[in-house]
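This report describes a single protein chain for a reader who has its sequence and coordinates at hand. The text goes from the overall fold to the surface and then to the charged pairs.

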Amino acid sequence: MTTVLERPRTRVKTRSKPVRRYGERPSIAYLFLSPWVVGAVFLTAGPMVWLLYLSFTDYDLFTAPRWVGLDNYVRMLTVDPHFWNAVWATTKFVVISVPAQLIAALGVAMLINRRSRAQGFYRSAFYAPSLLGASVSVALVWRVIFHDWIGHPDRALLALVLLAVWQFGAPMVIFLAGLQQIPQEYYDAAAVDGAGPWRTFLRITVPMLSPVIFFNLVLDTIRAFQVFTGAYVVSNGTGGPSDSTLFYTLYLYEKGFVEFKMGYASAMSWFLLLVIALITALLFRTAKGWVFYSGDES
């Protein structure tokens with residue numbers, strides 16, 4: 001009896017059509033990214049470089065720029081008294097309006113954070129001023145309401161601060177989203193331990209909400225340094241009385257588009273950019289001490 005040995009079957013590899021994933025098609029990603037890249041290069045980076053060049057020139061929009069070196073910066077920092085008045089008015093506005101707006105936004109967000117069928121209505125109602133607050137019509141109404149304050153140097157700035165605080169809708173919505181991410185178990189445990197509302201707020205709400213607070217703080221600080229419409233309309237573009245509402249961007253606009261000193265205005269623009277970048281970097285540096293993320297051991 002003979003045994004027939006079967007030849008071992010060899011597996012024939014069949015060529016399968018390679019499956020491409022989205023990550024293996026960089027051309028598609030570049031296609032979707034191209035509008036942003038084109039906008040960033042031609043609408044942001046390009047004008048910034050051109051503005052940097054103009055800051056070293058004497059340019060009036062009608063004749064060719066004339067190179068003057070650092071003259072615009074030297075005159076801005078050492079000669080022009082209105083420049084430092086604008087810096088001081090803007091600094092006071094930022095220091096007062098940003099904390100006030102954040103406190104108002106957080107307070108209202110905590111009030112409407114309770115489960116209610118009307119939460120959507122309240123959220124929309126409080127957010128509406130943020131959509132209207134930067135408009136010229138609202139600034140005109142504000143000028144009529146605070147007519148007595150606007151004529152007084154000590155109260156004119158306060159009227160613009162109230163206008164900024166009134167636009168707390170955007171940070172409020174972000175605060176509300178952050179509050180809804182805090183687990184209810186933490187508050188239940190605090191209640192069992194006998195913690196009061198203030199202690200619960202300081203020990204649970206603030207630490208858990210610190211990334212959101214930091215996010216709103218950075219955005220509102222940058223936005224406050226760029227305030228323009230309200231000050232322009234309320235003061236009729238003068239920054240008065242006594243330069244009390246002469247914000248930095250308002251003075252920059254006056255130099256560039258009223259006096260046609262575009263080189264000087266370009267130098268002011270770059271100075272503002274550097275100041276905002278410096279303050280933002282300082283905020284990020286201080287964040288390591290008071291902002292807590294979910295992965296932190298503390």
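What follows is a short account of a predicted model.

**Overall features**

The protein chain contains 13 helices and two strands. Of its 298 residues, 35% are buried. Contacts between residues at least 6 apart in sequence were also sorted by separation: 69% of them join residues at least 24 apart. The exposed area of the protein chain is about 19800 Å², and 65% of that area comes from carbon and sulfur atoms.

**A nonpolar surface patch**

Which residues form the nonpolar patch on the surface? The members are Y30, L33, W36, V37, V38, V41, F42 and L43. Together they present about 930 Å² of accessible area. One of them, Y30, is located in helix α1, which covers residues 26–54. Y30 has a relative accessibility of 59% and is classed as exposed because this value lies over the 50% cut-off.

**Salt bridges**

How many salt bridges does the model contain? The count is four. Three of the pairs are listed here, with the distance between side-chain nitrogen and carboxyl oxygen.

| Pair | N to O distance |
|---|---|
| R66 and D58 | 3.2 Å |
| R223 and D220 | 2.6 Å |
| K261 and E259 | 3.6 Å |

In the pair formed by R66 and D58, the closest N and O atoms are 3.2 Å apart. The acidic partner, D58, is partly exposed because its relative accessibility of 41% falls between the cut-offs of 20% and 50%.

The pair R223 and D220 sits within one element: both residues belong to helix α10, residues 197–225. They are three residues apart, about one turn of the helix. Are these two partners buried or exposed? R223 has a relative accessible area of 43% and is partly exposed, whereas D220, at 3%, is buried. D220 is given that class because its value is under 20%.

The side chains of K261 and E259 form a salt bridge at 3.6 Å, N to O. K261 has a relative accessibility of 35% and counts as partly exposed. E259 is partly exposed too, with a relative accessible area of 30%. Salt bridges with shared partners link K255, E259 and K261 into one network.

Definitions and conventions
Residues are numbered from 1 along each chain as its sequence is written. This is a predicted model: local features need pLDDT of at least 70, side-chain atom pairs count only at pLDDT 80 or more; totals for chains, interfaces and linings use all residues. Side-chain values use heavy atoms; hydrogens and water are left out. Helices (H or I, at least four residues) and strands (E, at least two) are DSSP runs, numbered from the N terminus. Buried means under 20% relative accessible area, exposed over 50%, partly exposed in between (1.4 Å probe, protein chains only). Contact means heavy atoms within 4.5 Å. Accessible areas come from the Shrake-Rupley method with a 1.4 Å probe; for residues, only the protein chains shown count as cover. Patches are made of residues with over 30% relative accessible area and no salt bridge: like charges are joined within 9 Å, nonpolar side chains (Val, Leu, Ile, Met, Phe, Trp, Tyr) within 5 Å.
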